[in-house]
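Dear colleague,

I am passing on the structure we spoke of, and I would be glad if you could look through it alongside the notes underneath.

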Amino acid sequence: MDTRSWISPAIAGLDFERIITAPLIEHNIIAVTDLDGVIRHVNDRFCEVSGYDRTALVGQNYHVINSGIHDQAFWASFWQTLQAGQTWHGEICNRNRKGVLYWVESAVFPVEDSSGKVAGYVAIQTDVTKQKLSDILIEAEHQALSAIGSGAHFEAACEIILDFLVLIDPAMGLSILELEDNRLLRHVATRNLSQNYIDAIDGIAIGKSIGSCGAAAFNNELTVVESIATHPNWSEYKHLALADGLKACWSKPICDGEGHVIGTVAIYYPQERGPTERELVLINATAPVISLAHKISKDRDVLVYAKMEAEALAEARRLFIANLNHEFRTPLTHVIGFAELLLAKEEDRDKRESLAAISTAGNDLLQKVEKALDLADSQRPVALKRFDLRRFWMDEGQRILNEALGEEKREIDLELETTRLPVRFSIENLAKSLQHVISNAVRFSRDGDTIGVRIARRDSDWAIIQISDSGPGMTPDLVQRATKAFEVGGNVYLQRKSGIGLGLTVANHLMTQCGGKMEIESVEGQGTTVTLCIPCAR
């Protein structure tokens, strides 16, 4: 039976009860409105899904359940279809009395009275919320894992997941945090949270009764806080959340395949309330998706960088052994041997002292060559992690600078970025690279000279640590050869304290090993600037 042809006579005769209780459609959500969209009649199913009593709905405009999701163009097309006498088909997102969104598949059509004039509209709808949530979660998982398969990092996959989750309700706040050193939570991705709030709680320690995420990670269980304002877990942090309009927060631990907590996923709401059954399904289903993305990303990173490391190690060993044996080790061994041979036969005191000095210096240099060979054998796969470059400088960089200076007197011109600089790199490799670069800057400058230090974001892809000195500088040819082992110009070393030409080579290798890079700018007679480029976290 054609529903519209059957309902029109009923509405013309004002038989609304027949419409909303018809056996064929009584399990649907049904509403009858006048020409202005004012609700005149609803069935029990409408009240059940919306959460409103019939008395609270009749006489109200349909805006009472408007979610605010659809834009003006959507509603303009909706009304244009109805006013043309046609049936509108589509999906509508509404908001129930508790503020929770739900989706309905709708057929809305105009009906005429006995005189043939349009008397109002009838909406027959089916609740498709469960299927909608399922579709969003499936697509989020598919897109996130596809991105990782295409080379994206874990952070990028989390951003994709949140892009889909926020479609479920644009009013909710979202966060994915990663557990660092089994005690601190760091933000990986967020939605609808202010930067002030993110900065304030980033690095929060987990604990039995610390917030929602801190407690969820510590206790390894879902933590539901229906009222941030009154819950004891939030006593020290509620002012931060309430200032952001966040009134409820539910957090779920993210666990690896062995059940160990690796992070949390949280939902914030601007109303004081607990999660619905569907929202519990949502957060419980999201955590395993994030866990899978984390595992695949980390496994992929280990494999990729292990392969890169193996290839780089083989090439580094070949170059080091060839250069050291041919250019240094063999002739140096000869020099030491002849010096010791002559020393054994020489009786003149002054000559013996000279020969002993040659032998001592030769052996010292030979030890440095042996250390360089050790470097070629000490390479290993590196683990990348997300960290704040500003904090790295304050915790590690300043210490490295102070140790390099020792008793040397230099003016330090520090320019430090004022906001967080999340990067993804090896902290160990970055610290070693920085140590070599700063040591060069100190070695090739004099007391009273200025060493510049700049930590900043270059663009959306790169953050930088830039070290500059006012030393002798290098010619363009030396700049080109500066990262090649043992190819630093001798005239530079004659002007300053000696070195063996490995510092910038090692720094460059450590940077490229983790996906970073090193840039050198130098003007002979004016100084050198070395820039360490670190990939920003996605």
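The notes below go through two sheets, the helices that pack on them, and some details of individual helices.

Please keep in mind throughout that this is a predicted model.

The sheet I would begin with is an open one of 6 strands, in the order β8-β7-β6-β11-β10-β9, and its pairing is antiparallel. Its edge strands are β8 (204–205) and β9 (223–225), each of which pairs on one side only. Strand β7, covering residues 184–191, is joined to β8 by 2 bridges, the two strands running antiparallel, and leucine 185 has isoleucine 204 in β8 as its bridge partner. Packed on this sheet is helix α7 (residues 154–168), which touches β6 (173–180) and β7, and whose direction makes about 50° with that of β7.

The other sheet is also open, but here 5 strands follow the order β13-β15-β16-β18-β17 and the pairing is mixed. Because β13 (411–416) and β17 (517–523) stand at the edges with a single partner strand each, one side of each is left without a neighbour in the sheet. Averaged over the sheet, and with direction ignored, neighbouring strands are turned by 10° against each other. Within it, strand β15 (residues 450–457) pairs with strand β16 (residues 462–469) in the antiparallel sense over 6 bridges, and alanine 456 stands opposite isoleucine 464 in β16. Helix α14 (residues 427–443) packs on this sheet, where it touches β15, β16, β17 and β18 (527–535), its direction making about 25° with that of β16. Helix α17 (residues 503–513), for its part, lies across β17 and β18 and runs at about 145° to β17.

Helix α13 (residues 389–405) has a kink of about 40°, centred on glutamate 396. Its N-terminal end is capped by aspartate 388, a side-chain oxygen of which lies 3.2 Å from the backbone nitrogen of arginine 390. Buried residues of α13 include Leu389, Arg390, Phe392, Trp393, Gly397, Ile400, Leu401 and Leu405. After α13 comes glycine 406, with a positive phi near 55°.

Finally, is threonine 81, a residue of helix α5 (residues 72–83), buried or exposed? Threonine 81 counts as buried, because its relative accessibility is 18% and the cut-off for that class is under 20%. Leaving aside residues up to four places away in sequence, threonine 81 touches Gln86, Thr87 and Trp88.

With best regards

Terms used
Residues numbered from 1 in each chain as written. Predicted model: local features only at pLDDT ≥ 70, side-chain atom pairs only at ≥ 80, totals over all residues. Heavy atoms only, no water. Pairing = 2+ DSSP bridges. Helix = DSSP H or I, 4+ residues; strand = E, 2+ residues; numbered from the N terminus. Contact = heavy atoms within 4.5 Å. Axes fitted to C-alpha atoms, helices over the stretch in contact; angles between N-to-C directions. Buried < 20%, exposed > 50% of the residue type's maximum accessible area, 1.4 Å probe, protein only. Bend = angle between axes of the 7 residues up to and from the residue. Polar contact = N/O pair within 3.5 Å; in protein donor to acceptor, adjacent residues only side chain to side chain.
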